[in-house]
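Got the viewer open and a hand on the mouse? Here is a walk through the model, one selection at a time.

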Amino acid sequence: MSRPDFERSYVTDLLVTALLDAQVGQIITYRELQSLVNHDIQRKHRYFLEKAITICRRKHKCDFTTVHNVGLQRTPAQDLAERGKGQIKRIRNAAKKGAEIMDTADRQELNQSQALEHDATRGIIAAIQTASKTRKNTQAHKGNSDPQVTL
């Protein structure tokens with residue numbers, strides 16, 4: 001095992017342990033993390049911290065919110081749900097941009113293989129756009145037409 005792999009693993013493991021020790025809602029500062037691992041994790045060695053956060057999210061089911069220029073806050077469950085909804089908005093916007101880009105292609109200039117790939121990709125983007133549309137709960141606003149039946 002080469003030295004960089006050993007160091008990377010060790011530094012990442014230290015960061016994961018420190019992050020997991022934080023209580024929900026607690027902020028762990030960049031200064032604390034940097035002094036723990038003796039690396040500039042905000043800039044040059046940020047990849048250590050990003051890897052540690054990914055490990056916490058995937059293997060330990062906890063996530064962190066960035067507190068600008070301060071550190072990371074262990075995110076409460078109710079905030080995670082909101083962050084997830086925010087990701088849907090980002091996906092929706094990316095799909096819209098992708099659709100606009102795909103729609104600028106002149107299919108007459110594509111060979112058969114390229115045209116098929118274009119159409120398949122455009123179909124995937126359309127499915128993503130449909131799946132990520134904001135929907136209003138019409139059932140909650142719909143009145144009961146039969147006064148004898150309670151919902």
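Start with Tyr 47, in a model that is predicted. Tyr 47 has a relative accessible area of 39%, so it counts as partly exposed. Now add Phe 48 to the selection: its relative accessible area is 3%, which makes it buried. Keep both side chains on display, as there is one aromatic pair to look at here. The ring centres of Tyr 47 and Phe 48 lie 4.5 Å apart with the planes at 40°, so this pair is called tilted.

**Zoom out: the whole chain**

Switch to a cartoon view and colour by secondary structure. You should find six helices and three strands. Walk along the sequence and they come in the order α-β-α-α-β-β-α-α-α. Of the 151 residues in the protein, 25% are buried. Turn on a surface if you like: about 11,400 Å² is accessible, and carbon and sulfur atoms account for 52% of that. As for contacts between residues at least 6 apart in sequence, 52% of them link residues at least 24 apart.

**Stop one: the sheet**

Select residues 27-29, which are strand 1, and 64-67, which are strand 2. Then add strand 3, residues 71-74. In what order do the three strands sit in the sheet? They go 1-3-2, in an open sheet with antiparallel pairing. Strand 1 and strand 2 are the edge strands; each has a single partner strand, so one side of each has no neighbour in the sheet. Look along the sheet and you may see the twist, which averages 30° from one strand to the next.

Now for the pairings. Strand 1 and strand 3 are joined by three bridges, while strand 2 and strand 3 pair over four. Click on Gly 71 in strand 3: it is the bridge partner of Thr 29, and also of Val 67.

Bring helix 2 back into view. It packs on the sheet and touches strand 1, strand 2 and strand 3. The direction of helix 2 makes about 55° with that of strand 1.

**Stop two: a pair of unusual asparagines**

Most residues other than glycine have a negative phi. Go to Asn 69, in the loop between strand 2 and strand 3. Its phi is positive, about 60°, although Asn 69 is not a glycine. The hairpin around it has three residues between the strands. Is Asn 69 buried or exposed? At 59% relative accessibility, it counts as exposed.

Next, jump to Asn 38, in the loop between helix 2 and helix 3. Here too phi is positive, near 60°. Asn 38 is exposed, with 68% relative accessibility.

**Stop three: the nonpolar core**

Show side chains for Leu 15, Leu 19, Leu 33, Ile 41, Leu 49 and Leu 72. These touch the most other members of the largest nonpolar core, which has 19 residues. Helix 1 (3-21), helix 2 (30-37) and helix 3 (46-60) each give two or more residues to this core. Which helix gives the largest share? That is helix 3, with six residues.

Stay on Ile 41 for a moment. Setting aside neighbours within four places in sequence, Ile 41 is in contact with Leu 15, Tyr 30, Leu 33, Gln 34, Arg 46 and Leu 49.

**Stop four: Cys 56**

Select Cys 56, which belongs to helix 3. It is buried, at 0% relative accessibility. Which residues does Cys 56 contact, beyond those within four places in sequence? They are Val 16, Leu 19, Leu 20, Lys 61, Cys 62 and Phe 64. Try the distance tool on Cys 56 and Thr 17: they are 39 residues apart in sequence, and 9.1 Å separates them from C-alpha to C-alpha.

**Last stop: His 118**

Finish by selecting residues 112-131, which are helix 5, and pick out His 118 within it. Is His 118 buried or exposed? With a relative accessible area of 12%, His 118 is buried, because the cut-off for that is under 20%. Leaving out residues up to four places away in sequence, it touches Met 102, Ala 105, Arg 107 and Leu 110. Show those side chains together with His 118 to see the contacts for yourself.

Technical notes:
Residues numbered from 1 in each chain as written. Predicted model: local features only at pLDDT ≥ 70, side-chain atom pairs only at ≥ 80, totals over all residues. Heavy atoms only, no water. Core = buried A, V, L, I, M, F, W, Y, C linked by side-chain atoms within 4.5 Å. Buried < 20%, exposed > 50% of the residue type's maximum accessible area, 1.4 Å probe, protein only. Contact = heavy atoms within 4.5 Å. Pairing = 2+ DSSP bridges. Axes fitted to C-alpha atoms, helices over the stretch in contact; angles between N-to-C directions. Phe/Tyr/Trp six-rings, centres within 6.5 Å; stacked < 30°, edge-to-face > 60°. Areas by Shrake-Rupley, 256 points an atom, 1.4 Å probe, with all protein chains shown as cover.
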